[in-house]
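Hi,

Here is the structure you asked about. Have a look at it first, and my notes on what turned up follow underneath.

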Amino acid sequence: MIISHLRAFIKFKGDSFLLPSQNPLSSSRFSPHAALLASLLHSNSFSNNGDRPLSRYQKVANLDDAFNLFDEMTQRRPLPSVVKFNQLLNAVAKMNHFSCSLDLFKQMCLIGVPVNEYSMSIAIKCCCQMSRTNDGFALLASCFRRAVVPNVYIFSTLLDGLVIEDRILEAENFFKKLIKQKLCEPDVVMYSTMIKGLCKFGNNDIAIGLLRLMDERGCKPNVVIYSTIIDSLCKDKLIEDAFKLFKEMVFAKGIQPDVITYNSLIHGLCNLCRWDEVSKLLKEMEEDLRISPDLHTFSILVDALCKEGRVDEAEAVIDIMVERRVVPDIVTYNTLIDGYCLRGEMTKARTLFDSLTSKGFVPNVVTYSSLLNGYCRSLKIEEAMHLFHEMTRKGLKPCIVTYSTMLQGLFRVGRCGAARKFFDEMQAQGLIPDECTYGIILDGFCNNHQVEEALSLFHLVGDSKLNYNIVVYNILIDGMSKCGKLDIARDLFQDLTLKGLQPDVRTYTVMVSGLCGEGLLKEANHLFRKMGESGCPPDGVTYNVLLQGYLKKQNYDDVEMLLQEMDGRRYSLDASTLSMLIDEIAAGSVDRSMLKLIGKLVPKEMMDTTAVPR
DNA sequence: TTAGGGTTAG
């Protein structure tokens with residue numbers, strides 16, 4: 001449906017160029033092609049800052065040009081105005097060369113260019129973008145020395161720096177202090193920065209509160225503010241709330257949504273696999289509002305289709321975007337490579353990877369990591385190793401995700417020694433293991449029967465934040481009980497409550513499984529019943545685990561009751577529990593009268609492949 | 001005649 005809509009619209013889009021109102025250059029004197037060319041020419045050549053052509057200080061193509069120009073400027077007498085220097089500084093920052101831009105700023109100061117609030121805000125932005133917000137604050141202090149009065153631009157940039165570094169409490173305090181001490185009156189950009197920070201930390205309600213407050217204080221919210229909160233709600237799967245805010249923005253406030261607003265909503269719907277609504281939204285944005293989907297929109301669609309395993313449709317979307325002259329970028333292709341890898345189609349993944357260079361793209365660390373992940377998932381560890389070395393040879397620095405992928409692959413094939421080497425190398429590179437890496441290593445050791453290694457790492461990590469994570473306990477409890485170390489599993493289970501961690505359904509399930517494994521059915525059942533009381537009711541997996549425990553111990557008394565409870569809660573039997581039940585029925589240990597009940601508990605997709613005896 | 005905010009991938 002999405003594809004047919006996108007395809008149908010190519011024609012519509014083509015026609016729309018013929019509308020004279022679209023572009024002042026396209027009048028009836030021009031042929032359609034001339035109008036099209038005129039419109040492209042107009043949009044590509046000039047309109048970076050209104051209709052004014054860029055100055056030579058703003059359009060430097062690369063770093064060399066920038067440095068040469070800067071040298072030339074410093075030679076001139078009198079020195080060029082600070083405006084020209086600021087333009088160059090900003091051009092370098094816009095190329096993401098923050099460190100270089102900062103160097104130029106320092107040289108400006110040294111040679112006595114009278115830096116102003118514009119120069120300061122660019123320099124501070126460079127610090128903040130490099131996660132060096134403290135240096136940004138040091139520059140703020142130097143404003144006073146340089147007789148530059150910090151303004152709302154400078155303060156917003158610093159506030160954003162704190163948000164970038166996840167220093168949310170400091171950001172809130174800074175924001176409050178600015179208002180309280182009347183250092184500046186927040187404008188719509190500063191509010192949006194604070195709102196972004198609140199959203200980043202899951203405080204959607206407070207963010208909405210601030211939206212109301214700014215309105216009351218006479219600062220009108222705009223599409224950026226609304227889109228920020230809408231996006232956050234979508235990411236938290238609160239799609240209905242997102243649409244409520246969207247409607248408020250459009251109908252109550254009269255603010256027009258733009259392509260970014262739609263991208264967030266489309267992304268939110270894709271994550272929930274609500275494809276019909278995605279199509280509806282695409283149609284609405286294009287046909288009603290004349291907003292064309294952009295590169296982001298297409299990437300979101302490609303990614304969502306790949307994650308659903310609908311790679312053919314993802315390919316079709318890329319074809320359509322090309323037809324519609326939206327040029328795919330490396331993100332689009334990385335997503336598709338990931339899609340192939342997820343389906344184990346490694347030949348296709350590799351072919352696409354190899355064709356990227358001829359398409360004019362340079363594979364980046366994500367491209368390599370995606371393909372590595374594919375090889376690791378298919379247990380082709382030699383190919384993965386080879387690719388890993390290829391990427392380092394090409395000067396790409398493996399990141400934490402690359403290492404985690406390799407570690408997972410090596411553990412899967414039982415190469416614990418090599419995994420340990422990679423882990424050491426990763427740390428030697430200055431990369432600090434995150435929760436995900438740590439989990440992979442603990443899980444890897446446990447699955448390879450090296451529970452002592454896992455435990456010693458766990459103790460080495462000690463009181464670090466990494467160990468304040470229920471996932472860590474779930475891995476260890478599971479690992480310990482599977483290796484017959486139920487006592488340690490029990491200790492860990494006790495330990496987590498002392499630490500103030502809340503067991504989740506997985507924690508209980510692995511513990512129930514461990515107890516069942518040792519034949520301690522009474523204790524397993526006791527824990528199972530405690531789950532509901534603790535506000536964490538058993539899920540389908542817990543029921544299957546307990547059922548298997550009973551069946552293995554040939555304790556059939558509670559089987560029917562458990563099956564009935566499962567039916568009441570609409571849980572299903574998994575393949576191995578079902579097979580055990582069938583065996584028991586065949587052996588006459590379980591009454592055939594339960595067959596009807598069992599039949600109700602077989603998931604539909606299993607019905608086609610499993611023969612339940614009648 | 002120069003500066004600050006929102007959307008995509010492993």
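Asn116 caps the N-terminal end of α6, with a side-chain oxygen 3.0 Å from the backbone nitrogen of Tyr118. Bear in mind as you read on that this is a predicted model. At the other end, just after α6, Ser131 takes a positive phi of about 60 degrees.

The helix itself runs over residues 117-129. Its 13 residues should span 18 Å at 1.5 Å a residue, and the end C-alpha atoms are indeed 18 Å apart, so the two figures agree. Which residues of α6 are buried? They are Ser119, Met120, Ser121, Ile122, Ala123, Ile124, Cys126, Cys127 and Cys128. The cover over these buried residues includes α4 (82-94), α5 (98-110), α7 (133-145) and α8.

That last helix, α8 (residues 152-164), also turns up among the salt bridges, since it holds Asp160. I searched the whole structure and got 31 salt bridges; here are three pairs to click on.

- Lys196 and Asp160: their side chains meet with 2.5 Å from N to O. The pair links distant parts of the chain, 36 residues apart, with Lys196 in helix α10 (residues 188-200). Buried or partly exposed, you may ask of Lys196? Lys196 is partly exposed, with a relative accessible area of 35%, whereas Asp160 counts as buried because its relative accessibility is 17%, and the cut-off for buried is under 20%.

- Glu185 and Arg217: here the N to O distance is 3.4 Å. Glu185 sits in the loop between α9 (168-180) and α10, and Arg217 in the loop between α11 (204-216) and α12 (223-235), so this salt bridge ties together parts 32 residues apart in sequence. Arg217 is partly exposed, at a relative accessible area of 40%.

- Glu390 and Arg350: the closest N and O atoms are 4.0 Å apart. Glu390 belongs to helix α21 (residues 381-393) and Arg350 to helix α19 (residues 346-355), with their positions 40 residues apart in the chain. Glu390 is buried at 11% relative accessibility, while Arg350 is partly exposed at 24%. Both are part of a salt-bridge network that links Arg350, Asp354, Glu390 and Lys394.

Finally, the domains. Chain A is divided into domain 1 (329-432) and domain 2 (534-614). Taken over C-alpha atoms, the centres of domain 1 and domain 2 are separated by 41 Å.

Cheers

Note on methods:
Residues numbered from 1 in each chain as written. Chains lettered and ligands numbered in written order. Predicted model: local features only at pLDDT ≥ 70, side-chain atom pairs only at ≥ 80, totals over all residues. Heavy atoms only, no water. Helix = DSSP H or I, 4+ residues; strand = E, 2+ residues; numbered from the N terminus. Buried < 20%, exposed > 50% of the residue type's maximum accessible area, 1.4 Å probe, protein only. Domains from an automatic or database assignment. Expected span 1.5 Å × (residues − 1). Contact = heavy atoms within 4.5 Å. Polar contact = N/O pair within 3.5 Å; in protein donor to acceptor, adjacent residues only side chain to side chain.
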